[in-house]
Amino acid sequence: MTHFAAVVLFAFFASIVFGITQRETPRRMIRYGIYCFVLFVASAIALSWIMFLIAR
Amino acid sequence: MRPLLVPGSLFPALVRYSQKGMATEENKNAAAGSDAQPGPKSASQPASQQGFVYLPLIVGWLVPGGGHFLLRKWGRGALLGGSILAMFALGIAMQGKLYAGAHDVLDILGLAGDLGNGLLYFVSRIAGWGADQVMVTTADYGTRFIVVAGLLNVIAAVDAHNLRTGRKS
């Protein structure tokens, strides 16, 4: 399993739990879950690039 | 004797939302146990809202999603249980480490996270699943997956407790 695949799986499952537990209505749960997923993956990609540029 | 300073008496704005939200008569009855104070409201409550108030919290900790199943929130329980179970299984499949002892601070934190998995952790320890030492890169990911699955399970169990007390609908 690649690091990116692990990140995506982690973000997917964590976002489901965050969405259900942090919001009350199903519509808001879905929206918050998607928001968390995008934030997880985007921040992982951004941090990866930062670490790559620092390590060069 | 009446207390001199009641929270919120001088500065009502300082009363936290949670204090206001939890101080309803219905929640007081629920916290005391509906069997202890049978009133006109307890008869109209559904079966899932009666009994020991901390039961969904304990069941939710022991079995991922169990607290929500107990409250008849089938969809939420299935999604929570499935997600936590999948994260835990992925962690084990990646040869993640199950923390067994507390030798330093990081081990204590890891053990606390693992214990959040409830029965999954104990069954895995008995069955001998999980690695004793991290040998490959994916095992490090797996260790984090197992710890985070435990922490998410604690969040889910607290959510079930909030549903039970009426703090969340």
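# A tour of chain B, starting from Lys168(B)

Select Lys168(B) to begin: this residue is buried, its relative accessible area being 8%, below the 20% under which a residue counts as buried. The model on display is a predicted one. In sequence, Lys168(B) belongs to the segment that comes after helix H9 (137-165) of chain B.

**Around Lys168(B)**

Next, show the residues that Lys168(B) touches, leaving aside those up to four places away in sequence. From chain A these are Ile20(A), Thr21(A), Gln22(A), Arg23(A) and Glu24(A). From chain B they are Arg76(B), Asp159(B), Asn162(B) and Leu163(B).

Two of these neighbours deserve a distance label. Draw one from the side chain of Lys168(B) to the backbone oxygen of Arg23(A), where the separation is 3.3 Å. Draw another to the side chain of Asp159(B), with which Lys168(B) forms a salt bridge at 2.7 Å from N to O. Both Asp159(B) and Lys168(B) are buried.

**The contact between chains B and A**

Now widen the selection to the interface. Here 20 residues of chain B are in contact with 16 residues of chain A. The size of an interface is often given as the accessible area lost when the parts come together. Between chain B and chain A, about 1,600 Å² is buried, and carbon and sulfur atoms give 79% of that area. On the chain B side, colour helix H6 (74-93) and H9, the elements that give two or more residues to the surface touching chain A. The residues on that side comprise 13 nonpolar, three polar and four charged.

How many salt bridges should one expect to find between chain B and chain A? The count is zero. Polar contacts between the two chains number four residue pairs, with both residues at pLDDT 80 or more.

**Along helix H9**

Select H9(B) in full. This helix has 29 residues and extends 43 Å from its first C-alpha to its last, close to the 42 Å expected at 1.5 Å a residue. Because 21 of its 29 residues are buried, H9(B) is largely enclosed by the rest of the structure. Step past the end of the helix to Gly166(B), which follows H9(B) and has a positive phi, near 90 degrees.

Return to the helix and pick Arg144(B) and Asp140(B). They form a salt bridge in which the closest N and O atoms are 3.1 Å apart. The two residues are separated by about one helical turn, because they lie four residues apart in helix H9 of chain B. An α-helix has 3.6 residues a turn, so residues three or four places apart point the same way. Are these partners buried or exposed? Arg144(B) is partly exposed, with a relative accessible area of 42%, and Asp140(B) is also partly exposed, at 33%. In Asp159(B) and Lys168(B), by contrast, both partners are buried. Over all chains, the salt bridges come to two.

**Chain B as a whole**

Finally, zoom out and show chain B as a cartoon. It contains nine helices and zero strands, giving the pattern α-α-α-α-α-α-α-α-α along the sequence. Of its 169 residues, 38% count as buried. Among the contacts in chain B with a separation of 6 or more, 66% join residues 24 or more positions apart.

Note on methods: Residues numbered from 1 in each chain as written. Chains lettered and ligands numbered in written order. Predicted model: local features only at pLDDT ≥ 70, side-chain atom pairs only at ≥ 80, totals over all residues. Heavy atoms only, no water. Buried < 20%, exposed > 50% of the residue type's maximum accessible area, 1.4 Å probe, protein only. Polar contact = N/O pair within 3.5 Å; in protein donor to acceptor, adjacent residues only side chain to side chain. Contact = heavy atoms within 4.5 Å. Buried area = accessible area lost by both parts, 1.4 Å probe. Salt bridge = Lys/Arg side-chain N within 4 Å of Asp/Glu carboxyl O. Nonpolar A, V, L, I, M, F, W, Y, C, P; charged D, E, K, R; others polar. Expected span 1.5 Å × (residues − 1).
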